[in-house]
Each structure stands twice: as structure tokens, then as C-alpha cells.
Amino acid sequence: MTIAPDVPAGIRPTTDAALAAPKGKPKNLGQIIRWLLLFAGGILMIMPIVYMISTSLKWPHEVYNVNLIPEEPTIENYTYVLEDGRFYWWFVNSLIIAVITTICNLLFDSLVGYTLCKFRFPGRQLVFIAILSTLMIPTEMLVIPWYLMSQSFGWLDTYWGIMFPGLMTAFGTFLMKQFFESVPDDFIEAARIDGLNELEIWWKVAMPLVKPALAALAIFVFLGNWTAFLWPLIVTNSVDMYTIPVGLSGFGDEVDVAWELIMTGAAISTIPTLIVFLIFQRFIIRGVVMAGLKG
Amino acid sequence: MANLALRNLTKAFGNTEVLHGINLEVADGEFIVFVGPSGCGKSTTLRMIAGLEEVTSGEVIIGDKAVNNLEPKERDIAMVFQNYAIYPHMSVKKNIAFGLRSSKLSKEEKEARILEVAGILDMVPLLDRKPNALSGGQRQRVAIGRAMVRDPAVFLFDEPLSNLDAQLRTQMRLEIKKLHQRVGNTIVFVTHDQVEAMTMADRIVIMKDGHIQQIGTPAEVYHQPANAFVAQFIGAPSMNMLPGTLNGKGLKLGAGSSLKTKWKSDSALDVMVGVRPDDLTVGKGDPIVSGKVTVREPLGPETLIYVDTPSGEVIAKASGRTPPELGEKVVLSADPANLHVFDAKTGMAVQ
């Protein structure tokens, strides 16, 4: 139905008045302050990224100028970094390590979390507390035992050596356990009656129901490993085994740090993290939407 | 198709025994409803039949086989849960097909079976939908479809209608009853709603505190309740209980009126006299109690009146058109044949 143009004149003004006030217009001082705070927060978040890109477009002599817009913008740094064979290897190393570690975490954390959540066995609580308590030990304390262990197993300077401490995390286990708590036992019992074995129930019924948690965990683990610095620095020796953060820190020489190259490498290395985030973020949002529906 | 038997079934959680020797024989194709207040053990019993709870002692027999030590999937049962438990990440069709996973049917036979079940439940146009695009009633039908598709020996329903609104519940009740008449499998249905129990069951099992109180047809449990608990649990509004004594001459009600009834006792016996609100009339018959009307609840065809009597509050049904006024003194009467007499100490019906 369309409204006829000859609507009685009296109706028009009220309708227009209602439409005239745009929804987003700030209504009072409190709202303006809130917006300003959010704006400031946004600037604070975006500045390092803008500055990173700005620096990557500068010539070395301009790096210590704080101006945001380079005087003579150049893509020379990008050409240099991409043509330099080392960066390519670091990128591949980082990718292999982050992807494998993420997949392992998704599998192992959820398997252990599911078991701790849905099975009743003696010592269950104790195991859970033991896993949680490892969260209290700082990485700095662990690197020496890890190193000695890697050394005795011959894992120094290998992918396995870089990855093994992070293949399963207490945080991920805890996160997954908490999410499995929200899966009603009815689903699991229904599947049991339908003839699935316990492993199939975990994989076919429980896992699809915690997709949002898996997506969140995937983002955490991927980013954590992509940006990991301390342990890869310690366990790797040869330049070919470096990950991006370790490799980038080595740009420059004893007297001068090549910030423009580091920033260029950093800018390139944010691309995979953006892709991972964009892929999994949709699952997170969908998860929130699904959770909002009854049943 | 098989019959089901529970023999001296008990269940303990730690040191707390929650089921104390349940005995029940279910005939092939029978519709059995377990009913009772929360915590009476009805769901636990059902879960033990399903194999989701371990049996502490006693036997669960399906067909001719003791199934205590069998996995749920080996028991030839299917279960419908209160929360439907249909998998949200699968389409309706996949949900129904899930019940056929372990079946040995060929792909074409499975497909035909799914379509047949979907046809019976009127779900064919919904087969490709995801559960979150279905209404509560439709979801419940998917859950029933998933159970039906396997053609199990025994269907188990765990309060399947309690998440539905009143109108839908009535509709689904009818659908399940029709479904049972059509497919004829044995059904064990758990509910806390006595109306569901009365309307659907071939036989009702009434439970309280882990004991079976009475097993009988809806008419039996309504008209010949075995004890005061059953009498008050079945029927709405609840049966009125009036204190009285039974002696050689007959029944004497607390308020003083004496009645000639079929019951007699050589020694004086304290009893509870049960009378359903439907059996109490204002005026006609032998007077039982009298008092003032304190509350009226008009229901249309009749009006419930709450009468304050010397024996306590009594509910009666009065005419819907000309109910007594509030505060009016009324005499409530009943046909002595419609009274129930229970031992005041044990609560058991006096024969």
C-alpha cells in the first residue's frame, strides 16, 4: 500500500517532526562525552598501526621525524623486504608454526575440556585444578626447562622445538571446558541413544555446538603464536628457522636499528592476522546470534 | 516390538537410595505414563530403562532380554527429551536421518523411511530447514521423528510437552496419542502433569518418593485411588479430605453428621474422607459439611466455590449460571457411594 499524496495536511508535520530527529544525533552532554571517550580510545588503538604504515613508507633519514605523512613517500622498503629471501622464509615459518599450533590447540584443548566437563571420573577436579594451576607459572620461568628438554631431545632449531610448548594450553582447555558446560547433556545422551561412540559424540555433536568458542580460541592461539617472540628467539639458531618477530628484530646492525624495515615487515605480517580474524570473526558473531534464539 | 519389565529396580546416588524396588510389567504396544511430583524418581526410572543411568540393583528387561549391561544403543529404544535435543547444526532431514546411522538399511531404504516418517508427522516441507527456523511444536515433532525412524521396541518420552505453551501441548498430546494408535509401539511417557497422564495413558504409574503408589487405568486411579496421595494427585481441583471416624454403625464426619456407608469398622478408626469437588453439590443429597463461601472462581460452565467449614476449606463445583453469593452459608452434600475413605494413619484406602 502506498500513501496517497493528498494526505490530510494535519498529519504531515507530526510525521515529519518524528522523522526529522535523526537517531544517531547526540542528545545531551553525557552522550557527547561518551562519544569523545570512544573517539579517543579509537585514535589510541589506530595510532600505532597508522604510525607503522607511515614509517614503512619513509626513507631511513626520516624515520626519527614524528610526522605522520612522509615527506618523500617510498615503497623502497617493501621492495627490499620482499626481495630479501630471509623474510620469505620467516613468513613461511611463522605460518607453519601458527597454523599447526592452532589446529592442535583446537583439537587437544577441546578434547580435554570436553572430557573434564562431561565425564564423571575420580580425580576429575584434581586434574582440572592441576591444569589451571599451570596458568600461574610465567613463561620466563619455563623457558629454561623447555630449552634443556629441547636440547636433550635434539629439538633445538626445529619446528617441533618451537611448537611443542604451545600445542596444548591450559587457557584453551579452561575456555573449552567452560563452553562445553553450556552444551546440554540431553544432546549427548540423545547421541548416545542414537548409537554414536564417545569420540563421535565429541566430534559430531559437541564440537559443532561450540563453534564460536573454537573460533575465539583459533584467533587467540593464532595471534599468540604469530607474534610469539621470546621462546622462538631462544630455541632457534639459524636465520632460516627464525619466525617473523625474531627475524624482524634482527634488521639493522649493532649501531642502528632499521625501523623502516622492521615496520615494513610488521605491516606485511599483519595481513595473515587480519585474514584469520576476518574468517573466524564471522563465526563469533553468528555464535552470538544463535545463542540469542530460544531452544 | 516387545514388552518391558522392571523387576525390583533400585537406584542409589552414593548412600541415598532414590528408587526403592520398582516392579512393573508393560505389555507389548501399551502406552504407560509415569506421573508424580518432582523428585519422585520417574525420570530416573526412565533413564534407567534407556541405559543413561546405571541400575543399582534389580533388572530392566526389554523383550525377553535383561538389558542392564547393554549400552543405550543396543537396547532397541528411542528417547524424546524435554529440551528436544535436536542438533541445531543439522537440517531437519539430517536430524531424522541421525537415528538411522547404525541401521543396516540401504541408502534408498533409509531415504524412503525418512520420507515416510516425515509424512506421518507432516514435516515433508520442512526437511531442509534448520531447527532454529522451526517453532517449538515443530522441533518437538522433529525429535519424535528421529525416535520414530528407528522403529524401536520401546519409545521413551521424558516430559516432552512441558516446554510448549498450553494450546500446543493439548495439540501435541492428541498427536502423540494418534501416533501411538497408528504405529503401535510400546511407549513409556514421563510427565508431572496429571491431565497428560489421564488423557494419554493406557495405564498410569503414579510415583512418590521413589515408590510406586498405584498402577492402573486412568479410570481406576481416578475412581479407586489406592491411597490418599493418589486421590489428591489425580484430578483437578484436588480431592477434598475431611477428618472422620469409622465405627460399627458407619461413618461419622468430624462436623457431626453421620452417614450410612458400605464401610464399617469394629473398633473406632480415624479416617480421612475424600470427596471430589465434582461430587459435592450445593443442597441436594446427604449433607456432608456446611460453611460460608469465601472465594468464587467462575470457569464458565461451572463455578468453583471455596467453602470455609469446621473441617477446613472445602472446594465444590457449583452452577455456572447461579452460583452462591460470597459469604452465603451453603450446605454441601454428596452421594455416599462417591466418597473415598482412607486410613488417617497409613493413608491407604479402606476397603
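**Exercise 1. Determine how many residues of chain B are in contact with chain A, and characterise that interface.**

*Solution.* Step 1: with contact taken as heavy atoms within 4.5 Å, 25 residues of chain B touch 19 residues of chain A. The model is predicted: local features need pLDDT of at least 70, side-chain atom pairs count only at pLDDT 80 or more, and totals for chains, interfaces and linings use all residues. Residues are numbered from 1 along each chain as its sequence is written, chains are lettered from A and ligands numbered from 1 in the order in which they are written, and side-chain values use heavy atoms, with hydrogens and water left out.

Step 2: turn to buried area, the accessible area (1.4 Å probe) that two parts lose on being put together, summed over both. Chains B and A bury about 1900 Å² between them, with 58% of it on carbon and sulfur atoms. Tyr87(B), His89(B) and Arg101(B) contribute 26% of the area that chain B buries against chain A, more than any other three residues.

Step 3: count the polar links. There are 3 salt bridges between chain B and chain A, each being a side-chain nitrogen of Lys or Arg within 4 Å of a carboxyl oxygen of Asp or Glu. A salt bridge joins Asp194(A) to Arg146(B) (3.6 Å, N to O). Across this interface, 7 residue pairs are in polar contact, both residues at pLDDT 80 or more. Such a contact is a pair of N or O atoms within 3.5 Å; within protein, one must be able to donate a hydrogen and the other to accept it, and residues adjacent in sequence count only if both atoms are side-chain atoms.

Step 4: assign the elements, which are DSSP runs numbered from the N terminus (helices: H or I, at least four residues; strands: E, at least two). Helix H1 (42–50), strand E6 (77–80) and helix H4 (136–148) of chain B each give two or more residues to the side that touches chain A. E6(B) gives the most, with 3 residues.

**Exercise 2. State which domains are assigned to chain A, and describe their contact.**

*Solution.* Step 1: the bounds, from an automatic or database domain assignment, are domain 1 (27–74) and domain 2 (78–292). Their C-alpha centres lie 30 Å apart.

Step 2: 8 residues of domain 1 of chain A are in contact with 10 residues of domain 2 of chain A. The area buried between these domains is about 710 Å², of which carbon and sulfur atoms give 70%. Met52(A), Ser56(A) and Tyr64(A) supply 61% of what domain 1 of chain A buries against domain 2 of chain A, more than any other three residues.

Step 3: the two domains of chain A share 0 salt bridges, while 2 residue pairs are in polar contact, both at pLDDT 80 or more.

**Exercise 3. Repeat the domain analysis for chain B.**

*Solution.* Step 1: chain B is assigned domain 1 (4–231) and domain 2 (238–343), whose C-alpha centres lie 39 Å apart.

Step 2: 7 residues of domain 1 of chain B are in contact with 6 residues of domain 2 of chain B. The area buried between them is about 530 Å², with 58% from carbon and sulfur atoms. Within domain 1 of chain B, Tyr222(B), Ala228(B) and Ala231(B) lose the most area to domain 2 of chain B, together 75% of what that side buries.

Step 3: the count between these domains of chain B is 0 salt bridges, and 2 residue pairs are in polar contact, both at pLDDT 80 or more.
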